[in-house]
Each structure stands twice: as structure tokens, then as C-alpha cells.
Amino acid sequence: MLSIPIERFTLDNGLRVNLSYDDATPVVAVNLWYGVGSRNEREGKTGFAHLFEHMMFQGSEHVPKNRHFELIERAGGSLNATTWFDRTNYFETVPSHHLELALWLESDRMGWILPAMTQEKLDNQRDVVMNEKRQRYDNQPYGDWDEWVQAMVFPESHPYHHTVIGSMEDIEAATLEDVADFFQTYYIPNNAVLTVCGDFSRDETLDLVERHFGGIAPGAEIPAIPGDPTLEPIIGETVRERVEADVPLPRVLIACRVPPYTDSEFYAADVAGSVLGTGRASRLYRSLVRERRLAKDVTSFVLPLTTGAGMLLVWATGYPDGDPGEIEAGLVEEIEGLTSVVDQEIERAIAVTETALVRQLEQVGQRADLVSMFDQLFDDPERLNSELERLRAVTPADVSSFVDRFLGADNRAVLTYVPMPQDTATPSVQ
Amino acid sequence: MSGSSRSVVPRAGPVRNFDFPTVHAEALDNGLQIRSVQVGRLPLVTTMLVLDAGEGLVDNSRAGLAVLTGDCLEGGTAKRTGAELAEALETIGAGLSVGTGWDSTTVSLSCMAERLDDAMGLLAEVILQPAFPGDEVERIRGQRLAAIRQREMDPVGIATDASRRLTYAEGVPYGRPLGGTAESVGPFTPDSAAEFVAGRYFPTGSGLVVVGDVDTGHVRSLVETHFGEWTGGAERQGEIEAEPRTRERGIVVVDRPDAVQSEIRIGHVGQARSTTQYFALRVFNTVLGGAFTSRLNLNLREKHGFIYGVRSRFLVRRGAGPWCVSTAVGTEVTANAVNEALSEITTMVEGGPTQEEVEAARDYLAGVFPLELETTGQIASRIAELLVYDLPDDYYGAYRDRIRSVTLDEASEAARRCIRPDEMTVVVGGDAKEVSGPLEELGWGPLTVEATP
């Protein structure tokens, strides 16, 4: 049982605040989770949550452009933000004596960003984001896999059908009015969690939080998620796509719908995913990499999503002359074979997960992020301390029952990448 | 809170003291150095063995030998098959992590503290009794060859490998890819691995770093139990003569037809870790391209929107590693971005940073130092660096003061000495038919086009 200390408060404007003390190093993390992500984007606005995240670094009423970065770097801090399906997070870790600086910067952009928005800043960040998409997705071998997989696993009406980065057309079309709307709708204290973690003085920090965030007016309840967030538990068939692309090696990805993170059966899915493909003692590594040599690498993980379903993702990269059909058959054999999981395998999976979680907790930034996550998703930051118990409670029978219901041929999206023949100039999809 | 009082940047509170954790230094009779640090806030421990067995001492004809030998350690021991070894490690929640660089091989494990004895036993077994079974070595060599193939088609790999090759004279190890080539890795056998271990994995010249929830008073006897029987030593890996390929300007386009982006590398031979200007170099490079608010990033990203990110880095090694500015940019603005980058670099060399920039960079580097020492793994890596580069045990005690004492003159002088604009080679991995013309018009130097490998 973990015993991370967490104290939770709620300001009058609805901002949830968690304080988690740890004096190992004289540093402090400030972490904000806003309850908005790509799932909240409407048709024609894909990629906007992420573009907006970039705009949050372009200055606010009392902070000129670039000043946020300058001040944090000058203080010897680190900072960033990420956008995901269900949320957007912002974080900085600074030496403890600069805590107020981080709180002031975060509060200014929560309360006073609109007066600082200009067309020039939006144009600039649209270009930056389009370059990010080129660099991380379009110019990368297999870089478009999530676009394919999400479209296969989630129907068009579902908010996970489109990717977080969105489409170039939609990014290009974003306007200042969109920025203002989005901010007023989602960037409100009653849709956010603030966590402060590290070496700080409790009472002083509470005062600072109240002073900087307390005056920000709450907003209206956030609108329902667009589209149809309800889902059948499984896809209902095996869906396939085959992509001939400029990739060096064949790769087969298999994705399945699994129970959402907020469902108690998620933990059986998580354990099944670890037994399947985490580490060199996992089934996929042992079988496909070590023994049969069908794959040069294997990966498996479960995405802890909350809207209707999560996703188990497995992939194997073959050798240059590898047969994708054989790789797929090998993956399927191991996935279906999970009905026979034994205690020892579960113990190993949990031992590895435990080390990984405790290693995450070593850094106040990651610790704060986990506290914010448990608050935002479960309304219960303390849940961090009992997370391992929920994994430990999973039995071979739970895994077997999960596999029976979720990992059959009626719940599979199969995406196959095959290297383009050397003399073909343009990619094609079959 | 009223708008007017919000306009004032909050003042910093009282500084909290930070000292690099106390390092307990000792050695076994066989020469193995031991460094241990007690940090007990979480029940975790990281064990890191640092071997004087880097890729830098490997002949070009056998390039990749150190890396592949490290990879093959997972293949099994005299007592366990590869699969059994993996199971034993994961049963205690540990994973074997092997990192091979130009200067060393490090083998590390992190696990819950109560499992330290088992973990160290397994680490010793892997190092002292590796088995290199034929079928496992064959498999791992195959994986490495496939990884080499992947790298040859990866835009980042293509540009970086071309830049290194064009930076160093023929035959200098730093000019080749760290993991070797298909030709040099092809002949690798179990005997190659066994010979490399027999010739380079010794207690003398190696160090074992243990950081975490441990009693440092007990570490020596624990290490003695597992590593006491280990013997031997070899001559220390020497410094590499890092001759440049050229002292002229040039642009090389590595052609990737129809690429949507160009990967850009600008650089030349940089500095060794032992450079006396190390701290001044860190300061001016932070201003140039080592932080978000660096000149290169503010120009290329925040002003022009050409890129997502850019870095300027000195890869310091026992010999002079490369200095390299790297970024990726849309095809149509490639030449504009190269031009802006060249101009920022030249301006830095000619005018140096400003007093304000030097102060900001010093504050940043001194301030982030404790932020990078939160985890047992981060602390262990820092201590490993001392062993690899022969730095004194108390090195980090004075680290922040040495950063803070860099003057404007020293930073400017280091920029002038460490960057020579007239010797820079620009490598562009991108669509030659689109980017060559505009790049040639920059007039930077002769332009050549290469096909991808």
C-alpha cells in the first residue's frame, strides 16, 4: 500500500486543489488538469484542443509573449503541456522558492488570456502545430498509425474517431473566435484540478492559491461531449486495413475495445496487456521474438481512456522479408492463449508495474500529474494510494473471463504496414 | 485580486538549500570501484555497473561490437537460459537495461529495495557468467540488422548519420553510426561477444553505483559477495583523435524524394568532456540553442513558425564529439530556415551573448540542476559520469558555483573558440529537387546531392 500524503480543498469558484508534500529535493511541481481534450472537439474543429494548448503559451494579460518560458527558465524550472483524448495538462517544476511564480503564471492564463490573443500569434502557432504534425506523424515511418486505428476501433459518431493532432485542414481553418469560445467554455476553474507537489509550506501555499486563483469567475457547466459517446462494448467484427508505405519493415497492429478506465474490469485488461507484451518474459516476446523469430520487436499496452471504452493495442514489427500474415497469426495465437494465464505471470506483471509506478513517483512532476489524474477522472485523488491493490486483486479467472469477452475475432482492428516495393514512387492504400 | 497588482511578477521566496547527496566511495580488492548514496524517501534502489567498454575502442571493421555484445547479455548465463533470466528479473520487478555509448557500457537494474540482494546477484551473473548461446546471439544479431535497416529509412537517422560521417575524417570512429553497419555487424558470432567480454569487462576500471533506500555501510559486503571473485583489468580506453573531414563550408542534400519535411543538421567537430571551457560552453550554448527561449528557437519557431523545435548540442565525449544544431522544417521554407539558423550562429560567434542572456542562462543551468537529480536513476547516471570521465568525487559539490561564476567574457570567448562558422557543414535530408535550388542561392558554399543509402 502506498502512502503518498494528499490534502484536498475546493475553492469557492469550483477549482479543486490538491497539496502533496515531499521534501526530498527543494523543488515543487505545479500541475493543472483541464477537463477538455480532443473528445470535446466538434466536426471541422479536429486538433483544436491541442492548438489551443499552444495558444496558452502565447502570453496573457499580464504576461507578454515568450515571458512565461523566460521566467520559468530563468528560475531554473522546466515546463510543458500535453493534450490527450480526455484532458489537457499543464505543468512546471521549479525550485521551491519560485512556487508563487508558477502559480501566478498558471492563474493568469486561466483567468486573463483573451486580452492577449492576436491573429499574429494564432497564425504563428498554427504554423508551429502543422510542423509538429509533419515532424511527428507525416514524416515518420508508421507515423499515421493512430489515425488508422482510431478510425477502425471507434465509429465516426464517437469522439475518439479522430486523432488528437487533428487534420491539417481543420488546424488551418481555426479562428480567433474559436479560441475565445473554447477558452470561455472549457478553461474555467470549475473544470480544472490544480495539484502542488514537493517541498512547500502548506499554509502559505493555500494562501497563494486563494490569492491567485480565487478571483477567477466560475463558468457554466461544460457542454455534453459532441457526437455519440456511448459505445457497444466490442467492435462486432474484425476490421482490416492494409497500408503500403515508405516503411523499412512490415508491422502488424491489432487493437481491441476494452472496458474504460472508470470500469472495474479495466484492471483485468491492464494485467492481460502486461502478461501479453510487457518485458522480455512476456508471452509475445518469448514466442514471437525469442522462439519463433517472427518479430524484431513487440509492444503491448492498454490506453486508460474513459469515454465509452479504452483500447488494448498490440504490435509486432517483422523482419525485412517477413510475412505479415504469419505475424498476425502469431499475435492472434498469443492473444487468444491468454485464457490460460497462471498466477506466476500475474505476479511478474504486477511486480514490474509496481517498480514502474514507484519510479514514476520519484519525480514530483509525475507524482503531481497522477494526483491530478485521479482527481479529474475519479473525483478521488487518494485513489493513487490504492491503485496497486486493484491490480493485485486480479485473478487468472478474471483475465480469462476478460479475454473471452473482449479479445475474440469479433473485437479486432488489424492494421498491416507493408514496405512499398522499391520501384514504386507513391504510396497507395488497398 | 485586482488587475494592477497582478501586473507585478511575484518575488522569489527564501532559497532552500540543496546539496548533491553524499557519495560513499570505496573499492573491492579486485579494483572494482563502489559508489553508494542513500536516498530513502521511496523503497527503491538503482544499481548501475559502469564498464570501460565503449564503442570508441572498437575498430571500424567491427563497428557495433560493443553495442551488440551488450545486447547479447540478455541471451542467458551459465545458469539460466535467456527466457529464465528474463523471468528471474521480472519476478523481482526489475528489467535489465544495457546502455552502450562511445565511452562506456552501463548495465543497470532498478527494483524495490527489499530485492536488492537478488538484483545484484543477477547483475553479477549476467556480467561474470554470460553464456552467449548460438541461437540467441543469432536472433539478437538479426534484430540489430533489422534495426540498422530501420534507421537507414528513418528521416532522423538518415540526416544524423550523414552529418556525423561528413563531420569526421575517414576512419575516425565518431563518423560512423554507433551501432555499426550491416557489413560490420554481419560477421558477429558468440565468439565475438565472448572475446569482447574477456578483453574489456574487468573489475579494474569499472564502477558499481548503488543509489536508493540502502544503508551505505552494508553495500561493500553485498558487492563483495557477488563481485568478489571477479578479476582482471585492461589498459584504459584511450582518447580518439577527432580529425575533421573538412575545414571548408559546404551543403550536402541527402535526397528523400517527395519528403514533406527536411531534417537539418549544421555542425562540425566539437569538444571533449575534458575541455577547460566546459562551463562557459554550457552557458553560451544555452543562449544559442539549449533552451526554449534560446535565440534559435525564438527565431525559427516563435518568430517565423518554420519549425516545431530546434536544439544546439555539444556531445562531449572522451574525444571531441560533434557540435550539432538540429531541427526539422517544412520543405518549402527549408532554405529560409537554414539561412536564419546560419545567421543566428554567426551572430553569436561574432558578437557573443549579452550580459542579460548570460545571467539568464546561468540561472537556468544552476536552477535546473536539482530538478535533474530527483530519481535514483538520475543520481546514479551523474555519478557514473564521474567514473567515466575521471572527475573528482566532490565534483558536483561545486557544480552550481562553477556555472554561476561564468562571466560574459568567458562565454563569448568560448563561443568564438568552439564554433567556427567557416567550417560548418550543413546537411539537409529532404526532397533535393525542391530544396537544392534555394539552398544554393544562399551562397553558403558548394552544394552536393547524395542519394539515400
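Select chain B and colour it by secondary structure: this predicted model has 17 helices and 12 strands in that chain. The radius of gyration of chain B is 24 Å, and the globule rule gives 22 Å for 453 residues, so chain B is as compact as a globular protein of that length.

Stay on chain B and turn it. Its C-alpha atoms fill a box of roughly 65 × 60 × 40 Å along the principal axes. Now think about the inside. Of the 453 residues in chain B, 53% count as buried. Next, look at which parts of the chain touch. Take the contacts in chain B with a separation of 6 or more: 82% of them join residues 24 or more positions apart.

Now switch to chain A. Select residues 7-213 and give them one colour: this is domain 1. Select 238-429 and pick another colour: this is domain 2. Taken over C-alpha atoms, the centres of these two domains of chain A are 28 Å apart.

Zoom in on the place where the domains of chain A touch. Domain 1 brings 32 residues to the contact, and domain 2 brings 29 residues. Which elements of domain 1 each supply at least two residues of the side that touches domain 2? In chain A, select these one by one:

- strand S2 (16-21)
- strand S3 (27-34)
- strand S5 (88-95)
- helix H5 (145-153)
- strand S6 (192-198)

Finally, colour that side of domain 1 of chain A by residue type. The residues there that touch domain 2 divide into 17 nonpolar, nine polar and six charged.

Definitions and conventions. Residues are numbered from 1 along each chain as its sequence is written. Chains are lettered from A and ligands numbered from 1 in the order in which they are written. This is a predicted model: local features need pLDDT of at least 70, side-chain atom pairs count only at pLDDT 80 or more; totals for chains, interfaces and linings use all residues. Helices (H or I, at least four residues) and strands (E, at least two) are DSSP runs, numbered from the N terminus. The radius of gyration is taken over C-alpha atoms; the globule rule is 2.2 Å times the number of residues to the power 0.38. A residue is buried if 20 or more other C-beta atoms lie within 10 Å of its own, exposed if 12 or fewer, and partly exposed in between; C-beta atoms are placed from the backbone. Two residues are in contact if their C-beta atoms, placed from the backbone, lie within 7 Å. Domain bounds come from an automatic or database domain assignment. Ala, Val, Leu, Ile, Met, Phe, Trp, Tyr, Cys and Pro count as nonpolar, Asp, Glu, Lys and Arg as charged, and the others, Gly among them, as polar.
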